[in-house]
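Colleague: Thanks for making time for this one. Could you walk me through it, starting with how far to trust it?

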Amino acid sequence: MNPGEAVRFPKVRPRALFASRPVLTFLIVVAVWIGASFVKPGFGAFGHLRYLVELGAVVGLAAIGQTFVVIAGGIDLSVGAIITVSAVGAPLVALAFDESGAFAALITLAAATVIGVLNGLGVAFLRAHPMIMTLAMATFLQGLLILLAGGSAISAQSPLLEWLGSARPGGVPAGVLVWAIASVLSLLALHATPFGARVFALGANSLAATLSGVNVPATTVAVYAISGLTAGMTGLLLLGMNGQGYVGIGDPYLLSSIAAVVLGGTSILGGSGTYAGSIPGAVLLVTITGLITVVNASPGWRSILFGSLILALLLISGREARRR
Amino acid sequence: MTPAPTLAARGVSKSFFGNAVLREVSIALQPGRIHALLGENGAGKSTLINILSGALLPDAGAVEIDGRVFRGLNPRDAHRAGIAVVQQELGLTTQLSIAENIGIGALPRRYGLIDYRGLARRARAAMDLVGLNEDLATPVGDLPLGRRQMVEIARALFREPRVLILDEPTSSLSAHEVETLTALLDRLRAKGTAILYISHRLNEVMRLCQHVTVLKDGVVTADRPIEGVEAADLVRLMVGRDTGHLFPAWTPSADRDPIIQVSGLSSGVLRDIDMSIRRGEVLGIGGLVGQGQEDLLLSLYGALPASARTAEFNRQRNLPASVRRANALGLAYVPADRKREGLHLIHAIGWNLMLPSLARAFSLSLRDRSKERVLATALADRFAIKGDLTRQVRALSGGNQQKVALAKWTPAEPQVWLLNDPTRGVDVETKREIYALLRRLASEGKAIVLSSSDTPELVHLCDRVAVMREGRIVATIEREALSEGAIVAAAMGADPLRTAA
């Protein structure tokens with residue numbers, strides 16, 4: 001590195017690292033874990049913490065796509081519905097020759113990706129607002145599910161789903177393993193590829209991105225496709241962990257996916273952020289949910305508490321910086 | 001002894017960010033007189049209007065209403081004193097009806113609610129004055145631009161003003177509407193209204209006005225009755241400053257093969273444009289603001305849907321259908337509004353410098369950060385962009401932001417640079433650097449298309465200047481015939497100088 005470059009690209013100081021949102025969110029998680037272990041014996045046990053991370057994998061997977069979409073300046077409100085489609089749809093496409101369940105899983109993921117592509121096409125070419133487009137898609141999918149599956153739960157058994165739900169290679173839950181691999185790939189895509197740079201360009205200023213030669217429609221379709229794919233993965237993981245899928249199984253994960261993204265410091269206005277923040281964001285969310293279940297209260301009060309806590313956390317870990 | 005002016009500015013000065021826009025400007029609007037205010041783009045006309053109407057406070061000097069001095073005139077005082085402004089940028093709310101737009105801010109009330117019947121009666125009266133016969137309930141968004149302008153004028157008349165300020169009211173009007181307006185202004189003048197009339201159409205000014213004030217670079221260069229003045233004199237008073245030292249020496253380049261040739265180009269406001277752009281030349285695009293210059297650049301760049309009878313870009317037939325196609329053909333575009341269109345303000349300088357390259361690179365290849373750092377450093381050195389490149393672009397001054405907007409395209413080595421007002425809001429030193437850069441690129445055989453609202457820039461920098469008016473190229477002036485007067489005259493249609501393009 002020549003001396004000119006040291007001025008142009010100064011080394012990041014360790015102190016600045018501590019002010020970054022992903023690190024901050026991670027520290028909050030650690031603080032909550034330590035605090036909770038003192039208050040509640042057994043919370044800090046390895047098994048329990050591993051269980052929390054396993055639950056975090058579900059939210060975290062859904063938050064991958066949401067992170068891409070939010071950084072690109074959009075929002076995906078169909079995440080919950082796609083999770084349900086995948087969890088209810090996978091048993092429906094279980095075929096006799098497909099003993100391992102891999103084929104069903106592939107079809108399900110492909111279908112989820114296609115749903116994402118449709119969202120992207122609507123946003124990019126019909127110029128539908130992302131909220132309207134994905135909300136309409138969610139409503140459409142819910143109707144479709146009721147027609148296909150009726151009100152009953154559908155159970156599914158295949159070696160693949162069983163592995164996803166309960167295997168622990170080397171002590172690590174399979175879901176967490178899948179999450180880890182997916183996280184590394186998304187971080188690479190977001191921060192180490194030209195595609196990632198275009199996602200940031202699109203979210204920060206789509207007009208300037210267009211005039212700089214960025215293929216805005218293709219990038220838009222790609223981020224919604226990623227969101228569809230990761231929501232599909234979330235659905236399969238849920239199915240594996242639950243053993244059955246039912247209409248409404250994905251609903252709680254819509255707010256969670258968005259909350260994880262925002263808690264991790266990604267700007268809801270688009271253009272800046274990182275999935276590295278959504279990871280501790282997801283774990284923080286399931287931790288809070290876990291703590292609330294301990295409180296002896298009716299589901300109504302739990303929900304109120306959960307909503308208030310998310311709001312409070314957002315206030316603590318920094319509101320959206322004013323810009324423009 | 002003349003009567004006391006209804007509205008006057010006495011020695012007002014105003015500067016923005018250290019740039020003097022007005023210097024000791026005085027103007028006096030007499031009742032029963034139509035007063036013309038002339039000046040080039042950026043001469044300070046809009047600033048003066050804003051000061052007269054209380055929208056801006058002068059740094060020095062004062063505004064007088066009926067001989068009474070107002071040091072801190074605010075829009076409410078001005079409104080109460082009967083000063084009404086018809087703005088150049090249409091300030092109407094498109095979703096509201098004509099009547100509501102006319103009455104807004106001064107809606108008649110009854111029992112605390114809007115008195116729609118009273119509003120309708122008075123709005124209709126104002127509309128009759130300007131010859132609007134549309135239904136009162138029509139949303140303004142449904143009207144064509146010229147009719148909206150008339151609504152804007154009716155809105156000013158609704159307040160029964162004693163001083164009426166019109167900022168280029170005829171730029172979007174048809175000939176018939178101009179006639180109506182002219183007759184109306186004559187009637188208002190006879191009733192004793194003081195009128196300030198800003199227009200770029202000299203023949204209109206000569207016909208309608210009795211008095212003229214000319215602004216040049218924020219200084220009054222003439223303040224006199226219009227009788228006995230020739231249009232050519234007015235043009236001379238508006239232009240002709242000494243800025244030669246800013247510009248690099250002009251040398252013709254040997255390479256002058258056409259790289260882009262289009263004929264019959266139409267898009268949006270553009271009508272039937274024929275042009276050829278040659279390697280090694282700086283082709284200027286001149287004209288008054290908003291005559292289709294930006295649309296021309298954008299349609300050449302594939303950013304606006306356009307059609308052409310014939311088009312040849314770098315030996316390829318057809319217009320580029322998209323920005324990416326244009327980039328592939330060797331075109332680059334630097335927008336006028338760098339904050340909204342040219343740069344990603346919240347991202348780092350270095351990142352902005354890399355974006356066009358990243359837009360072209362294979363999507364899922366791995367970025368080579370160290371190579372990017374070397375390239376960004378080299379670009380920053382070459383364009384004299386100082387300091388840490390990990391800072392957000394918005395931390396830079398306007399001039400440095402513009403340098404980033406230019407520098408980011410150089411790695412792509414464009415053959416054709418489309419520049420939209422690259423020196424707008426840029427300090428003098430950066431201007432000098434940009435001018436030198438443009439001539440250097442031309443001498444390297446690149447083609448530069450320079451749209452500019454700054455006429456001296458066109459005169460000193462360009463090999464040819466195409467002047468646009470109302471979506472057409474009305475004249476192409478060769479280097480030998482280039483002068484500010486020639487450009488301004490062509491832009492205003494005072495004396496069309498037609499030469500073969």
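Modeller: Happy to! One term before we begin: pLDDT is the predictor's confidence in each residue, on a scale from 0 to 100. Keep it in mind, as this is a predicted model.

Colleague: Over which residues of chain B does pLDDT stay under 50?

Modeller: Chain B as a whole averages a pLDDT of 86, and 94% of its residues score at least 70. One stretch stays under 50, and for it the model has 9 contacts beyond four places in sequence. That stretch is residues 496-501 of chain B.

Colleague: Among the elements of chain B, which has the highest mean pLDDT?

Modeller: The lowest mean belongs to helix H8(B), residues 231-238, at 78. At the other end, with a mean of 96, is strand S18(B), residues 331-334.

Colleague: Let's turn to the two chains together. How much area is buried between chain B and chain A?

Modeller: The contact takes 45 residues from chain B and 32 residues from chain A. In chain B, His344(B), Ile346(B) and Arg373(B) lose the most area to chain A, together 17% of what that side buries. Carbon and sulfur atoms give 61% of the total buried area, which is about 2900 Å².

Colleague: Which residues form the salt bridge between chain B and chain A?

Modeller: The count between these chains is 1 salt bridge, alongside 18 residue pairs in polar contact. In that salt bridge, the closest N and O atoms are 2.8 Å apart, inside the 4 Å cut-off. The partners are Arg8(A) and Asp381(B).

Colleague: And which element gives the largest share of the side of chain B that touches chain A?

Modeller: Helices H10(B), H11(B), H12(B) and H13(B) are the elements that give two or more residues to that side. By type, its residues divide into 23 nonpolar, 9 polar and 13 charged. The largest share, 7 residues, comes from H13(B).

Colleague: Now for chain A: are the rings of Phe68(A) and Phe195(A) stacked or edge-to-face?

Modeller: Phe68(A) lies in helix H4(A) and Phe195(A) in helix H10(A), 127 residues apart. Their ring centres are 6.3 Å apart, and planes under 30 degrees apart count as stacked. The planes here are at 25 degrees, so the pair is stacked.

Colleague: Last one: which residue forms a salt bridge with Glu54(A)?

Modeller: Glu54(A) is in helix H4(A), and its partner is 114 residues away, in the loop between helices H8(A) and H9(A). The closest N and O atoms are 3.6 Å apart, and the partner is Arg168(A).

Key: Residues are numbered from 1 along each chain as its sequence is written. Chains are lettered from A and ligands numbered from 1 in the order in which they are written. This is a predicted model: local features need pLDDT of at least 70, side-chain atom pairs count only at pLDDT 80 or more; totals for chains, interfaces and linings use all residues. Side-chain values use heavy atoms; hydrogens and water are left out. Helices (H or I, at least four residues) and strands (E, at least two) are DSSP runs, numbered from the N terminus. Contact means heavy atoms within 4.5 Å. Buried area is the accessible area (1.4 Å probe) that two parts lose on being put together, summed over both. A salt bridge is a side-chain nitrogen of Lys or Arg within 4 Å of a carboxyl oxygen of Asp or Glu. A polar contact is a pair of N or O atoms within 3.5 Å; within protein, one must be able to donate a hydrogen and the other to accept it, and residues adjacent in sequence count only if both atoms are side-chain atoms. Ala, Val, Leu, Ile, Met, Phe, Trp, Tyr, Cys and Pro count as nonpolar, Asp, Glu, Lys and Arg as charged, and the others, Gly among them, as polar. Rings of Phe, Tyr and Trp (its six-membered ring) pair if their centres lie within 6.5 Å; planes under 30 degrees apart count as stacked, over 60 as edge-to-face and the rest as tilted.
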